[in-house]
Amino acid sequence: MIRRIWNSIPGRFAIGFGMVLVLMMVFFLISFNQMMAVNAAAQKITPLGNQIYSLNNFAVQTMLLETSFDRYLVIGGVMDRDAMMEAMKNLERSLMQAQFEDPFKADMMSELGNLRDALEKIASISDDRLSRSRSINEGAITVYGHLNRIKSATRDLVRQTNENLNTMTLLQQSTINRVVSQFVVLTAALVLILLGSLWWISANFVRPLTLLSHAVAAFAGGDLTARADVFRQDEIGRLAQIFNHMTEQIQEQVTHLQQQAEDLAAAEEEQRNLNLELEERVARRTAQLQAANQDLEAFSYSVSHDLRAPLRSIGGFNRILLEDYSEKMDDRGQEYLHRVDKNVARMEQLIEGLLTLSRLTRAEMEMKKVNLSALVEECAAEAGSADPVRKVDWLIQPELNVNGDERLLRAAVQNLVDNAFKFTAKAAAARIEFGLLTVDEAEGRWKQGSPVYFIRDNGAGFDMAYAGRLFQVFQRMHTQDEFQGIGIGLATVKRIINRHGGKIWAEGQPGQGATFYFTLN
Amino acid sequence: MWMRVKRDGLLLLGFLILFGGFLMLIPWALQASGGTAAATPSPASIYQGKKIAWVDSYAPDYDWSQELEAGLASVLNPTGVEWQIFRLDMKRNPSEEYAVKKAAETAEKINAYAPDVIIATDDNAQQWLIVPYFATGTVPVVFASVNWDDSEYHFEPEHVTGMVEVHLVPQLMGQLDVLSQGSRVGIVAVDDITEQKNIEYYNRYFDRQLQIFWVEEKTQAEYQRLFLQAQAQTDVVLIGSNAGIGDWDEAAARAFFIQSTEKPTGSFLQWMAPYALITLAKSGQEEGSWAAETALRILQGTSVQEIPVTRNRTGRLWINLDIAEKLKVVFSPYVLKHAEVIDREAP
């Protein structure tokens, strides 16, 4: 039970306060007792002081009577006799007024009575004093005897009273000294105990709390090894144990996290190195590709450019043959010449397409705000004017503005519109649609947030199995007889879209039409 | 951990001890009204183990010795100091042979007693015992009742001090001069060594004007005759010693002096008080108490050298009312207050 109380802070404080309370009560009782003792000693002194005062007064009156008697003895006049008797009365009065105790008072009463008789006896001798010298000497001796006894008794009582007073004073002084020494010792003891209590509080509460706070501060400052060096059974000890346990767990977790962070950093470093390596490889390949592309484009341009002159020459000479020598050839020959002319024309278209593609790739871009809807409407009007017989239902979403090169965008839109117009030629109710996908529609189709434009038709469509070849040069999904074309248009569109940082792709089904989607940065 | 628990235990133990110690102070503290503090040691404790030897030149039945003893006892007895009396009894044995032998025996006894201080009274003790045996020894000596002068003993002040005994001539003559009709002073005394020495010192006061009436034949009749002669030739008569007068009749002498005295008379000798108007005699009690107090001072540590030789200053005063009646003298208040009365009865 005691151990349990002692091992709790409230219990310790209760014990400490209890002891201090007992000490203070004891201290108060002792101080009260000491004050009462000093008071009692003082009360014993006061009556003695009064008695000494009365005795002194009595002694003075005795001395005055003796002096008066001396004078009367020497001179013997009536006035001296009256003064002597008055002094006697004063002496008697001083005895009566004083609160002396017996036997002194009784003895003095007796002595004063005898003294008065002796004085009166001497005072009665008024004639021929020298002849009655014996009576005077004897009477005087008697008077002085009484006076001496009175003085002696007074002196004895004064001495005794003084002794008592001294004793009482010594007792009082002794009591005061004792009280003071006791007060000093008790105060010193109390101070010692209070200092001990302070040290005990410091050792039991302040120091452990200080150690604990230092440990907490050190831990908060980053020292994960900081621990409270407090080993106790009370609340502070338990708090320290909890703190130490908590810090151990935190240290373990932090160590684990640090290990993970180090691993992650190593992985990131490795990834970064790989990325750098990859970027270097990509850059190197890109440079190689760019160089190859430039070479290829230069080659294509050169080839196309250089091929046009001999082709024109062939075409020219073939037309001369047709115009000037066709009557000299049979029908087969003429047929062959027409075929050559037709292929030369196709060859020129191919070369022109390649040159166009090459120019679009190499041309400098001039970026500005472009109304894409207006471009589509213009291209649709041009396509419709080329074949006024056809009826196409155009659905063009208005005011779709983009930032790009207007010339290139016009070429791309024209290829897409011409393509749709061409492949809806056999549709019963042709319909071509241009617009912007809604957010929901664009979901999952391209990068989140990038607007996706589309041109949709209900024409011939295509097989998605060949979608990968759709934007390659000279690749065609239909024969020349079905739909004319040289297979460069979509490649050109793709090149323009790419130069704008966008992407183009297509969806379709044979006979169900096709939709071309594209984005622009 | 174990050290911590041990420290906590010690802490608690120390605190309980402190607390218990405080509680143990309580009974002591509650004695506030207890006894007086013994600030100074009692006289008994000061003189514990100390011893004083008193060498009396005479015997216990001798009046002077009794006065000395009374003075010694009044001082020494209350202190608790141990003291012992060694009597030489030389009044009854005045021979030199006895003196030498008695002194040797007494010295041996004193050495056996091993006192811390020796008190020796009267000249016989100094002459026969102190000077030959103790004057230069290690035991301090206090003398008293040495007549008039101690120089003849050549005491060393480091070892010996004391009180010389003088007759109070100025004091007695102050009272007699008031009563006398003239300035002439005479003295009647038996012619012996003591009186010769006394009168020698008296004469210093009277500037050698003292008229001396020596009683040569040592008879009462001659003494009375010389008294009448002195009374006729002087204004004040001093009554000297009657020592050695074999036929001295006290009653007749008293009657003679009461009837014959016509001039103020005085005496320094107590046993002559019945025959003089005023007697101022030396006090053996004064000398005894002074010697005792001086011995105690020495025992308390005062060196002998610090205590100078002194002389007696008080005496016993007697007045003779019969002679006063004869002379029609009313004494002064001072005399009447302090005097003892010599009446018709012997003192």
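Chain B has twelve helices and 13 strands, and I should say at once that we are looking at a predicted model. Of the 347 residues in chain B, 39% count as buried. If we take the contacts in chain B between residues at least 6 apart in sequence, 70% of them join residues at least 24 apart.

Let me stay with chain B and turn to one pair of helices. Two packed helices are described by the angle between their axes and the distance between the axes. For helix 3, residues 63–76 of chain B, and helix 10, residues 284–299 of chain B, the angle is about 40° and the axes are 7 Å apart. Angles under 35 degrees count as roughly parallel and those from 65 to 115 as roughly perpendicular, and helix 3 and helix 10 of chain B are therefore oblique to each other. The crossing in which helix 3 of chain B passes helix 10 of chain B is right-handed. On the side of helix 3 of chain B, the residues that make the contact include Trp64(B), Leu68(B), Leu72(B) and Val75(B), while on the side of helix 10 of chain B they include Gly284(B), Gly288(B), Ala291(B) and Ala292(B). Taken by character, the residues of this contact between helix 3 and helix 10 of chain B divide into eight nonpolar, six polar and five charged.

Now to chain A, and to its strands. Strand 2 of chain A, residues 392–396, runs parallel to strand 4 of chain A, residues 430–436, and five bridges join the two; within this pairing, Val392(A) stands opposite Ala430(A) of strand 4. Strand 4 of chain A is also joined to strand 5 of chain A, again by five bridges, but here the strands run antiparallel. In that second pairing, Phe434(A) stands opposite Ile455(A) of strand 5.

Beyond strand 5 we come to a loop. Which residue shall we look at there? I have picked Arg476(A), whose place is in the loop between strand 5, residues 453–457, and helix 11, residues 489–499, of chain A. Is Arg476(A) buried or exposed? The answer lies in between, because 18 other C-beta atoms lie within 10 Å, and so Arg476(A) is partly exposed. If we leave aside its neighbours within four places in sequence, Arg476(A) is in contact with Gly485(A) and Gly487(A). Of these two glycines, Gly487(A) is eleven residues from Arg476(A) in sequence, and the pair are 5.5 Å apart in space, taken from C-alpha to C-alpha.

Notes:
Residues are numbered from 1 along each chain as its sequence is written. Chains are lettered from A and ligands numbered from 1 in the order in which they are written. This is a predicted model: local features need pLDDT of at least 70, side-chain atom pairs count only at pLDDT 80 or more; totals for chains, interfaces and linings use all residues. Helices (H or I, at least four residues) and strands (E, at least two) are DSSP runs, numbered from the N terminus. A residue is buried if 20 or more other C-beta atoms lie within 10 Å of its own, exposed if 12 or fewer, and partly exposed in between; C-beta atoms are placed from the backbone. Two residues are in contact if their C-beta atoms, placed from the backbone, lie within 7 Å. Two strands pair if DSSP finds at least two bridges between them. Axes are lines fitted to C-alpha atoms, for helices over the stretch in contact, and angles run from 0 to 180 degrees between N-to-C directions. Angles under 35 degrees count as roughly parallel, over 145 as roughly antiparallel, 65 to 115 as roughly perpendicular and the rest as oblique. A crossing is left-handed if the near helix is turned anticlockwise from the far one by less than a right angle, and right-handed if clockwise. Ala, Val, Leu, Ile, Met, Phe, Trp, Tyr, Cys and Pro count as nonpolar, Asp, Glu, Lys and Arg as charged, and the others, Gly among them, as polar.
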